[in-house]
Amino acid sequence: MLGLLTAGVVAAAMGVGLAGDARPAADWSSMVGRHDDGGAAAADRPAPEVPYDERATAPPAVPAKLVVVRRHSIDSLASGVVVQRTYRDGRAVSLAALATAVPQAWITVAGDTLRLNAAVQLTSGTRLDANGVRTIQMAGGDTPQSATFLATGRGRIQLRDVTVTSIDPSTGRALARSAVARPYLHASAGGSLVVSDSTVADLGTDLPAIAFARGSTGELTRVAVDRASTGVVLAASEGVRLHQVTVSGAAGDGIVLHGDRATALSGVRAEHNGHNGVVVSGAATGRPITGIATAGNRAFGVAVTGQDHTEIGRLTLTGDRAGGLEIDHVTDSTLHDITVADTPIGVYLHGNSTNPTLDRIAVSGARIGVLVEKTTTAVHLSRSTIERAYLAGVVYEGRESVITALTVADSATAIRVEPRSAAVTIDGLRVVGGTDGIVTSAGAPAVLVKNLSADGVGNDAVRNLAPGMLIDGGHIRGGHTGMDLRAATRVTGTQIELAATGISVAAAVPVTLGNLRVDAETVGIAAEPGSSVQLSNSRVHGLEAIRGEVQQQGPNDLSLPPFSVLGAIGLPLILVAILLEFLYLYLKTRRARARSREYLRRWQTMATAPTHATTCTTCGSPHPLELIPHASTVDLCACTRQ
């Protein structure tokens, strides 16, 4: 009997009732951080593991005060010893009613504010709600035993329209993040936690502010989680619904989805958290990762690792300091309708990711729009837009990938193909403005470029240093050089207009050109000495159609630029001439008006001067003009008649 009593006390201390109710435990498996503050440069360096496994398996500290809610009683335990048992009959109990069934000062109520100085654990078939309470203050302290919690066990906790926060009993203020033990909310295996229209603030130290453990379920609706350790963790949970949940200011990750099943996400926001905004890890379960917005997180907005056949879409990621979306060890998954703005990297694919499909990706204001790391295979990037990439729209180091219908605008480089990468096909690339279009590095593989469209590129639409490039079709308009070819290249069916130089070929480089139409402003084809250029069935116009030695085969049309090009060249001069003519006419009219005003002033002066007499210019004698109104002075003087 003594042994049974002892076992019961220990079980109660651990939150295990005689009916087998389990105490909450952090039973999610380890989650590994991916990046430090250095961003993408340190992406592949292993980060220290967050020791979730150790916390899950370590013996939990026995709370200094624990209230166990059973179907027929409420047990109060102090340091593992039952000090009070209140019998009751019913499944449901409110927090305010619970305060009357425990020792004094364990739970206090003042108006609509309830202070929880003891941990609360439910057992199977019980329900706890917060009716009549607007603020729940949960105590913590400097020892693990002082932390309070609300844990479902196999019961159900419902919180609606409340503010849940921590409190330091010694100061009456919320506990700082540095506190040893801050309170938390926990949904245990078989339990349910439902929180709506509420705010959860300043909770969690080692454990997250809100945790859904293996086999638990529940719902968070219109819930704000502020200043947590980790905001919300779903670890192997079942059917949890997160709707309009905002996690901000967490010390670590905002939201962690780890091996969770059938989770429904909508209107989820993660802002200004100390690591990633949202982390998706653990066993792949096929639940979609959608309806997420992030802003200002210290690492990535959304980091997905170890998933396969997963839909990732409808994401809006802004201002996250390492990057927008990280894809690590992801296989056969679809990424769609993702908007990323003002981050160092828009989308980062690495870690042996295979066959990811990216569709309708929009990136603006990033250093790199899409970064494909060297271990990534079979990327399909289509129907996407990248704007204002300060370094490059796409940096490619991957294997056997296809890029189709991509638009890159106002970027330093549209696509940069790095050394040690494998084959890539670029089809339907549209480059608008910016400095360079496609740039390949020495040591890169043969690149197939089809239907390139480049308009107003400041420098080179294509700069090739990788032998074996094939350019088929396309239209290049404007820029300094249409194609700068520094390695063996074959170009067919391409049109180049209004570039200063149509095609430039470096020395000792074999280039084959066929079926081209080049209308350049200065030089159509510039072949450096020692190059080997073959031209066939093409039309090349320019002030200097060909510079250097070019081997011609078949009919070729080499001449001055057409009228349209000459017109484009002379148009600025014509405009200047017209402006000068208008300026001349304006100044001439202005001078004429000035002369007219001066003549008018003189006539007015003469009209107001005395007209009684005048003086003879010969003898100097005065004579009145009134005598002969229309006579001159000489006619009036007698000296002229002598």
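Which strand does His-380 lie in? I looked it up in this predicted model, and His-380 belongs to strand E33.

**Confidence**

Before going further I checked pLDDT. The chain averages 85, and 83% of the residues score at least 70. Residues 1-59 stay under 50, though the model still has 109 contacts beyond four places in sequence for them. Over residues 625-636 the pLDDT is below 50 too, and that stretch has 19 contacts beyond near neighbours in sequence. I'm leaving both ends alone for now.

**His-380 and its surroundings**

Is His-380 buried, exposed or something in between? I get 33% relative accessibility, so His-380 counts as partly exposed, the band for that running from 20% to 50%.

Next I pulled the contacts of His-380, leaving aside neighbours within four places in sequence. The list reads Asn-355, Pro-356, Thr-357, Leu-358 and Val-402. Thr-357 on that list is also the bridge partner of His-380 in E33. I also checked a C-alpha distance: His-380 and Thr-334 are 46 residues apart along the chain, and their C-alpha atoms are separated by 9.6 Å.

**Strand pairing**

Which strands does E33 pair with? E33 covers residues 380-387 and pairs with E31, residues 357-364, in the parallel sense over six bridges. E33 is also joined to E35, residues 401-409, by seven bridges, and those two run parallel as well. I noted one pair from this second pairing: Glu-387 stands opposite Ala-409 in E35.

A reminder to myself for reading these strands: in a regular strand the side chains alternate between the two faces of the sheet.

**The cavity**

Then I went looking for enclosed space. How many cavities of 30 Å³ or more are there? The count comes to one, and the largest cavity has a volume of about 40 Å³.

I listed the lining of the largest cavity: Val-372, Val-379, Leu-381, Val-394, Tyr-396, Ser-401, Val-402 and Ile-403. By class that makes seven nonpolar, one polar and no charged residues. Tyr-396 is on the lining list and goes into the nonpolar class because the scheme puts Tyr there.

Which strand gives the most to this lining? E35 does, with three residues. Strand E34 (392-396) and E35 each supply at least two.

One link back to where I started: Val-402 lines the largest cavity, and Val-402 is also among the contacts of His-380.

Note on methods. Residues numbered from 1 in each chain as written. Predicted model: local features only at pLDDT ≥ 70, side-chain atom pairs only at ≥ 80, totals over all residues. Heavy atoms only, no water. Pairing = 2+ DSSP bridges. Helix = DSSP H or I, 4+ residues; strand = E, 2+ residues; numbered from the N terminus. 1 Å grid on protein atoms, 1.4 Å probe; cavity = no way out; pocket = protein on both sides within 12 Å on 5 of 7 lines; lining within 4 Å. Points joined across faces, edges and corners; volume = space filled by probe spheres on them. pLDDT = per-residue confidence, 0-100. Contact = heavy atoms within 4.5 Å. Buried < 20%, exposed > 50% of the residue type's maximum accessible area, 1.4 Å probe, protein only.
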